[in-house]
Amino acid sequence: MKRKGIIAVAVWLLAACMVVGVGCAPQEATKDVGSSDATDSQASVTVDWSPDSDCTLCHTSEQESMENADCGVSTHAEAACVACHTDAESLGTVHEGATTDDKMPKRLRKTEVSEDACLTCHYGTREGLAEATASLTVVDKNGTEAHPHDLPATEAGEHESIACGECHAMHTPGSSADTLLEAATERCQKCHHQNVFECGTCHE
């Protein structure tokens with residue numbers, strides 16, 4: 001009986017040691033999201049933007065669009081990002097303090113692709129572009145036609161300030177002629193909200 005008691009105690013002690021041993025064994029580190037001390041092998045990296053930067057490290061969807069034939073930018077696949085995104089000063093500003101963990105913007109807000117950047121490759125001047133695309137028109141509900149690349153000058157410069165990218169969203173699907181005319185029509189309707197191109201139609 002005494003022997004059985006000693007064996008039982010020994011078994012119990014052995015089990016207790018195993019439990020304690022497991023508790024003290026090295027554990028895989030887990031990241032505490034709420035802790036500022038947390039370390040991660042893929043820690044956030046601060047962006048130090050320059051014209052030589054590899055934009056694709058963060059802008060992955062834009063990189064994928066370069067290979068999507070339904071995106072206008074696919075025809076520019078051989079060009080570097082800075083060939084179109086020439087506004088280096090604004091790009092430097094918007095990337096200040098940015099990290100690889102930041103949510104990527106869906107559209108340009110503080111910088112834009114300039115008309116000159118587009119015209120450098122596309123017909124050289126606004127007049128050249130208008131002449132080359134003379135057959136393209138948008139039509140209002142009264143049947144009045146307007147040429148998106150040859151709009152009449154306005155006193156406040158509203159037509160002159162329309163950026164190419166407002167209709168030509170290069171990184172999103174929709175590069176067919178029909179889709180581009182739809183985009184141009186939608187842009188016209190931002191100001192001509194009754195879909196009538198004549199003046200004096202808002203407050204009669």
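The following conversation goes through a predicted model of one protein, from its overall confidence to single residues.

Colleague: What is the mean pLDDT of the protein, and what share of residues reach 70 or more?
Modeller: The model is predicted, and its mean pLDDT is 80, with 77% of the residues at 70 or more.

Colleague: Where does pLDDT stay under 50?
Modeller: That applies to residues 16–41, for which the model has 5 contacts beyond four places in sequence. Where pLDDT is low, the predicted coordinates should not be read in detail.

Colleague: How many helices and strands does the protein have?
Modeller: There are 7 helices and 2 strands. Along the sequence they follow the pattern α-α-α-α-α-α-β-β-α.

Colleague: And what percentage of the residues count as buried?
Modeller: The figure is 18% of the 204 residues. The accessible surface of the protein is about 15400 Å², and carbon and sulfur atoms supply 56% of that area.

Colleague: What share of the contacts with a separation of 6 or more comes from residues 24 or more positions apart?
Modeller: Such pairs account for 55% of those contacts.

Colleague: Let us turn to the interior. Which residues make up the largest nonpolar core?
Modeller: That core consists of 6 residues: Val-138, Ala-146, Cys-167, Ala-184, Cys-188 and Phe-197.

Colleague: Take Ala-146 from that set. Where is Ala-146 found, and what does Ala-146 touch?
Modeller: Ala-146 belongs to strand S2 and is buried, its relative accessible area being 15%. Setting aside residues up to four places away in sequence, Ala-146 touches Leu-136, Thr-137, Val-138, Leu-151 and Phe-197.

Colleague: How many residues separate Ala-146 and Phe-197 in sequence?
Modeller: They are 51 residues apart in sequence, and their C-alpha atoms are 8.1 Å apart in space.

Colleague: What about Ala-184: which residues is Ala-184 in contact with?
Modeller: Apart from neighbours within four places in sequence, Ala-184 has contacts with Val-138, Pro-148 and Cys-167. Two of these partners, Val-138 and Cys-167, also appear in the nonpolar core.

Colleague: Now the charged side chains. How many salt bridges does the count come to?
Modeller: The count is 2 salt bridges. One of them joins the side chains of Glu-115 and Arg-126, with an N to O distance of 2.7 Å.

Colleague: Which parts does that pair tie together?
Modeller: Glu-115 is in helix H5 (residues 115–119) and Arg-126 is in helix H6 (residues 126–132), so the salt bridge links parts that are 11 residues apart in sequence. Glu-115 is partly exposed at 26% relative accessibility, and Arg-126 is partly exposed at 28%.

Colleague: And which residue forms a salt bridge with Glu-166?
Modeller: The partner is Arg-187, with 2.3 Å between the closest N and O atoms. Arg-187 lies in helix H7 (residues 177–191) and Glu-166 in the loop between strand S2 (145–146) and H7, so this pair ties together parts that are 21 residues apart in sequence.

Colleague: Is Arg-187 buried or exposed?
Modeller: Arg-187 is buried, with a relative accessible area of 14%. Glu-166, by its value of 34%, is partly exposed.

Colleague: On to the cysteines. How many disulfides does the structure hold?
Modeller: The structure holds 0 disulfides.

Colleague: Why is Cys-84 not in a bond with the closest cysteine sulfur?
Modeller: The closest cysteine sulfur, in Cys-118, is 6.6 Å from that of Cys-84, which is too far for a bond. Cys-84 is partly exposed, with a relative accessible area of 26%. Cys-118 is likewise in no disulfide; its nearest cysteine sulfur is that of Cys-164, 3.9 Å away, whereas a disulfide requires sulfur atoms within 2.5 Å.

Colleague: Finally, the backbone. What is the phi of Tyr-123, and where does Tyr-123 lie?
Modeller: Tyr-123 has a positive phi of about 75° although it is not a glycine. This residue is located in the loop between H5 and H6.

Colleague: And what is the phi of Asn-195?
Modeller: Phi of Asn-195 is near 55°, a positive value in a residue other than glycine. Asn-195 lies in the segment after H7 and is buried, with a relative accessible area of 17%.

Colleague: Which residues does Asn-195 touch?
Modeller: Not counting residues up to four places away in sequence, Asn-195 touches Val-139, Asp-140, Lys-141 and Gln-189.

Methods. Residues numbered from 1 in each chain as written. Heavy atoms only, no water. Salt bridge = Lys/Arg side-chain N within 4 Å of Asp/Glu carboxyl O. Helix = DSSP H or I, 4+ residues; strand = E, 2+ residues; numbered from the N terminus. Buried < 20%, exposed > 50% of the residue type's maximum accessible area, 1.4 Å probe, protein only. Contact = heavy atoms within 4.5 Å. pLDDT = per-residue confidence, 0-100. Areas by Shrake-Rupley, 256 points an atom, 1.4 Å probe, with all protein chains shown as cover. Core = buried A, V, L, I, M, F, W, Y, C linked by side-chain atoms within 4.5 Å.
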